[in-house]
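Visitor: I am new to this structure and should like to understand the terms used to describe it. May I ask how each description is justified?

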Amino acid sequence: MKTLTRLHSAALAALALITSAVGQSAPAAGNTDAGPPRPIAEEAAVLEKGRISARRRALARLATHPDPEADKLLLAQFDRYRAGDLPPAIWLDFFEAAAKRNHPALKAMLAEREEMLAKSRDALSRFRECLEGGDGEAGRLVFATKAEAGCIRCHTVSGEGGKIGPDLTWLRNAMDRTQILESIIAPNSSIATGFASAALTLKNGESIAGVVSHESADELTVTSIVDGKKTTVKTADIAQRTPLPSPMPPHFGAALDKRAIRDLVEFIAAGD
Ligand code: HEC
């Protein structure tokens, strides 16, 4: 079993190398288009009843706004967040803006929230602000080009990409945003049907590990997670079969920033 696990880890390490060799960084979805600061009363009016995209730009301006009243305006948004009155699509923008201010009350509130989330048993709770409001086009770039993600090596979207994991164009209709987010940050919480991984030891001593992509009474096909190569073996030739965890790298929650994760969720859930 140890050798098999090692085999699997070696395959994952090799994959990481390949991914970083072919990947190029996607341009960061920045706030460069937010424009110069406006009078606080104007920013407040936008946050009150502007469109989501306008509120997002206002929050980006408030992050570095020279007027100290900006802190009070952000504190008021915290109250709205607590009261359930802040749209989820701008949560991330709000937390990012608050974190950039150097204000004790804002810092204390952020710290309090972090502390609460750290205690939560629900792994998803730290990423709730990634569920809505992402940029699908930026998400497509993360999916297709960001080396830390490497999604396209294993997944196909709209006819392009690898076939080691399930086609995400199809998943779009089968999963809601929470499930998509969960499969990115906690891939082992559920395994897509027909994509379970296993390590096999054959009677001739050979070892094979990968995604069991096809299975019948007398044979099964294993897809290598390194090069997508398919190997078919007879059930009768298998000495031992051990289930393996999902080959989805388990660390996306740490490797990708929240903006990239929010964009990915948008892209997978709604397209670009
Ligand atoms: C090493 C190959 C590999 C990489 C890289 C990879 N995946 Fe996967 N992914 C899989 C496999 C295999 C499955 C099916 C097993 C499972 O459900 O975990 C899967 C499942 C999924 C699912 C569906 C889970 C379910 O329960 O139905 C989603 C959504 C997903 N991946 C998204 C992504 C995204 C987004 C990325 C990039 C950030 C990514 N994957 C990177 C191999 C990969």
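Guide: The discussion that follows concerns a predicted model, and it takes up the ligand, a sheet and a pair of helices in turn.

Visitor: What makes the contact of Ser190 with the ligand a polar contact?

Guide: A polar side-chain atom of Ser190 lies 3.0 Å from an oxygen atom of the ligand. A polar contact is a pair of N or O atoms within 3.5 Å, and therefore this pair qualifies. Ser246 also brings an N or O atom of its side chain to 2.7 Å from an oxygen atom of the ligand. For Ala192, a polar backbone atom is 2.7 Å from a ligand oxygen atom.

Visitor: Which residues come nearest to the ligand?

Guide: There are 27 residues around the ligand, and Cys151, Cys154, His155, Ser246 and Met248 come nearest. By class, this shell has 21 nonpolar, 6 polar and no charged residues. Helix H8 (151-154), helix H9 (168-174), helix H10 (177-185) and helix H12 (258-270) each supply at least two residues of the shell.

Visitor: Why are S6 and S7 called edge strands?

Guide: The open sheet has 5 strands in the order S6-S5-S4-S3-S7, with antiparallel pairing. Strand S6 (230-234) and strand S7 (238-244) each pair on one side only, and so they are the edge strands. From one strand to the next, the twist averages 40 degrees.

Visitor: How do you know that S5 and S6 pair?

Guide: Two strands pair if at least two bridges are found between them; strand S5 (residues 219-223) and S6 have 5 bridges, in the antiparallel sense, and therefore they pair. Glu219 has Lys234 in S6 as its bridge partner, and Leu220 stands opposite Val233 in S6. The hairpin of S5 and S6 has 6 residues between the strands, and Gly228 there takes a positive phi near 75 degrees.

Visitor: What describes the crossing of H2 and H3?

Guide: The axes of helix H2 (residues 40-49) and helix H3 (residues 52-63) come within 8 Å and cross at roughly 140 degrees. The crossing in which H2 passes H3 is left-handed. Among the residues that make the contact are Ile40, Val46 and Leu47 of H2, and Ala54, Ala58 and Leu62 of H3.

Visitor: How do the residues of this contact divide by class?

Guide: The contact of H2 with H3 has 7 nonpolar, no polar and 5 charged residues. Glu43 of H2 is one of the contact residues, and Glu counts as charged, so Glu43 belongs to the charged class.

Key: Residues are numbered from 1 along each chain as its sequence is written. This is a predicted model: local features need pLDDT of at least 70, side-chain atom pairs count only at pLDDT 80 or more; totals for chains, interfaces and linings use all residues. Side-chain values use heavy atoms; hydrogens and water are left out. Axes are lines fitted to C-alpha atoms, for helices over the stretch in contact, and angles run from 0 to 180 degrees between N-to-C directions. Helices (H or I, at least four residues) and strands (E, at least two) are DSSP runs, numbered from the N terminus. A crossing is left-handed if the near helix is turned anticlockwise from the far one by less than a right angle, and right-handed if clockwise. Contact means heavy atoms within 4.5 Å. A residue is near a molecule or strand if one of its heavy atoms lies within 4 Å of it. A polar contact is a pair of N or O atoms within 3.5 Å; within protein, one must be able to donate a hydrogen and the other to accept it, and residues adjacent in sequence count only if both atoms are side-chain atoms.
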